[in-house]
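Colleague: Please give me a close look at the ligand site of this model, and then carry on to a few other parts of the chain. I am new to this, so plain steps would help.

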Amino acid sequence: MPSAAADIDIRIVGVRKRYGDVAAVDGVDLDVARGEFFTMLGPSGSGKTTTLRMIAGFERPDEGRIELGGTDVSRRPPFDRPVNTVFQDYALFPHMTVQQNVEYGLRVRKVAKSERRAKASEALARVRLEGYGARKPGQLSGGQRQRVALARAIVNTPRALLLDEPLGALDLKLRQELQIELKQLQQELGMTFVYVTHDQEEALTMSDRIAVFNNGRIEQVGSPAEMYEHPATTFVAGFIGTSNILERGGRTFTVRPEKIRLLPFEAGEGEPGTVHATAYLGPSTKFVVTLDEGGELTVVQQNLETRSEDIDRMEGRRVRLQWRPDVEFAIEEERT
Ligand code: ADP
Ligand code: MG
């Protein structure tokens with residue numbers, strides 16, 4: 001967490017936003033550091049888009065304030081804020097060429113033609129679309145269109161780029177490729193990115209830090225490893241990874257599936273239980289085990305020696321689960 005005010009690009013203080021009876025954003029405080037890849041992660045309806053739209057200026061907070069680079073911009077319209085937004089549905093101008101789309105923001109700001117050309121070409125090269133300038137958006141694939149949308153945003157060299165589920169409309173493989181590309185682009189540019197997604201894997205892949213949203217509030221902020229290994233609430237434990245929550249001796253804790261060893265019952269050590277479901281995942285297998293002492297744990301094992309035929313026979317088997325005490329993480333804080 002940055003301490004010097006100069007390192008903070010975006011500051012959200014006590015922000016609330018209601019729509020009728022719905023508290024879309026219910027008291028959010030957040031600092032995003034300069035050059036950070038910051039992700040707002042949470043289920044549908046948790047207030048991520050509303051928060052992003054308030055940073056962009058498309059919505060005004062009912063309470064609280066938004067600062068960009070130390071300046072309170074809460075009352076400023078979107079065009080007067082040093083940010084650009086990339087949406088899931090591209091929002092390209094269909095009648096304009098790719099080049100014209102990318103130059104648009106510069107033209108509005110009355111940048112000279114030659115400079116516009118040069119900057120747009122550079123932005124298109126950054127997103128690996130050199131040579132596509134003359135095409136219309138309709139002549140591009142979904143992934144290419146989203147690259148144009150990115151070029152159109154970064155060409156304005158905003159203080160921060162806001163991205164609302166930008167890969168949401170793409171198929172898994174393309175999405176995974178673009179996740180890596182986006183992260184590389186962000187690092188090359190050294191630009192602050194605020195990224196909205198409901199996909200925990202996407203958040204873990206790309207982010208420097210993640211804020212988990214639930215019901216218009218932030219449950220926890222931290223690095224991907226912190227969130228995964230030390231979830232502060234049962235909600236975070238369940239939303240990032242498999243929840244695997246146990247209560248033993250008046251204490252609640254979580255153990256991640258890959259930290260647990262599945263042993264034959266005869267091993268004599270470890271918590272006894274029964275396998276009640278299995279799923280063969282190719283490189284690994286998932287076992288869901290009901291424990292005699294109460295509770296249920298998911299175990300993921302690499303398929304080093306296991307064969308798929310053996311896995312089919314595991315359902316209903318008595319087994320024992322073992323893990324090192326230092327992989328148990330206490331869940332301290334409960335929020336609802
Ligand atoms: P997310 O992006 O996390 O899915 P949103 O910020 O879009 O969540 O929505 C948060 C809550 O606010 C939801 O309950 C949603 O239905 C409601 N909401 C968002 N925008 C509006 C609007 N313009 N009018 C009424 N309700 C809205
Ligand atoms: Mg949304």
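Modeller: A helix here is a DSSP run of H or I with at least four residues, a strand is a run of E with at least two, and both are numbered from the N terminus. Keep in mind that this is a predicted model.

With those terms, start at ligand 1. Two elements, strand β2 (22-33) and helix α1 (48-56), each supply at least two residues of the shell around ligand 1. Helix α1 gives the most, with three residues. The residues that surround ligand 1 are Tyr19, Val22, Ala24, Pro43, Ser44, Gly45, Ser46, Gly47, Lys48, Thr49 and Thr50. From the residue ranges, Val22 and Ala24 belong to β2, while Lys48, Thr49 and Thr50 belong to α1. By character, the shell divides into four nonpolar residues, six polar ones and one charged one.

Next come the atom pairs. An oxygen atom of ligand 1 lies 2.6 Å from an N or O atom in the side chain of Thr50. With Gly47 the protein partner is a polar backbone atom, 3.0 Å from an oxygen atom of ligand 1. With Ser46 it is again a polar backbone atom, at 3.1 Å from an oxygen atom of ligand 1. Taken alone, ligand 1 exposes 560 Å², and the protein buries 59% of that area.

Now turn to strand β3, residues 37-41. Five of its five residues are buried, so β3 is largely enclosed by the rest of the structure. Its residues point in two directions: Phe37, Thr39 and Leu41 one way, Phe38 and Met40 the other way. Both groups are buried. Strand β3 pairs with β8 (residues 192-197) in the parallel sense, over five bridges. In this pairing Leu41 stands opposite Thr197. Strand β3 also pairs in the parallel sense with β9 (residues 209-214), over four bridges. Here the bridge partner of Thr39 is Ile210 in β9.

A separate group of strands forms an open sheet of three, in the order β11-β12-β18, with antiparallel pairing. Strands β11 (245-248) and β18 (329-330) stand at the edges with a single partner strand each, so one side of each has no neighbour in the sheet. Four bridges join β11 to β12 (residues 251-254), and the two run antiparallel. Within that pair, Ile245 stands opposite Thr254 in β12.

Last, there are two residues with an uncommon backbone angle. Most residues other than glycine have a negative phi. Thr157 is not a glycine, yet its phi is positive, at about 40°. Glu165 is not a glycine either, and its phi is positive at about 45°. Where does each one sit in the chain? Thr157 lies in the loop between α4 (142-154) and β7 (160-164), and Glu165 is found in the loop between β7 and α5 (172-189). Are they buried or exposed? Thr157 has a relative accessibility of 62%, and because the cut-off for exposed is over 50%, it counts as exposed. Glu165 has a relative accessible area of 14%, and because the cut-off for buried is under 20%, it counts as buried.

Notes:
Residues numbered from 1 in each chain as written. Chains lettered and ligands numbered in written order. Predicted model: local features only at pLDDT ≥ 70, side-chain atom pairs only at ≥ 80, totals over all residues. Heavy atoms only, no water. Pairing = 2+ DSSP bridges. Near = heavy atom within 4 Å. Polar contact = N/O pair within 3.5 Å; in protein donor to acceptor, adjacent residues only side chain to side chain. Areas by Shrake-Rupley, 256 points an atom, 1.4 Å probe, with all protein chains shown as cover. Nonpolar A, V, L, I, M, F, W, Y, C, P; charged D, E, K, R; others polar. Buried < 20%, exposed > 50% of the residue type's maximum accessible area, 1.4 Å probe, protein only.
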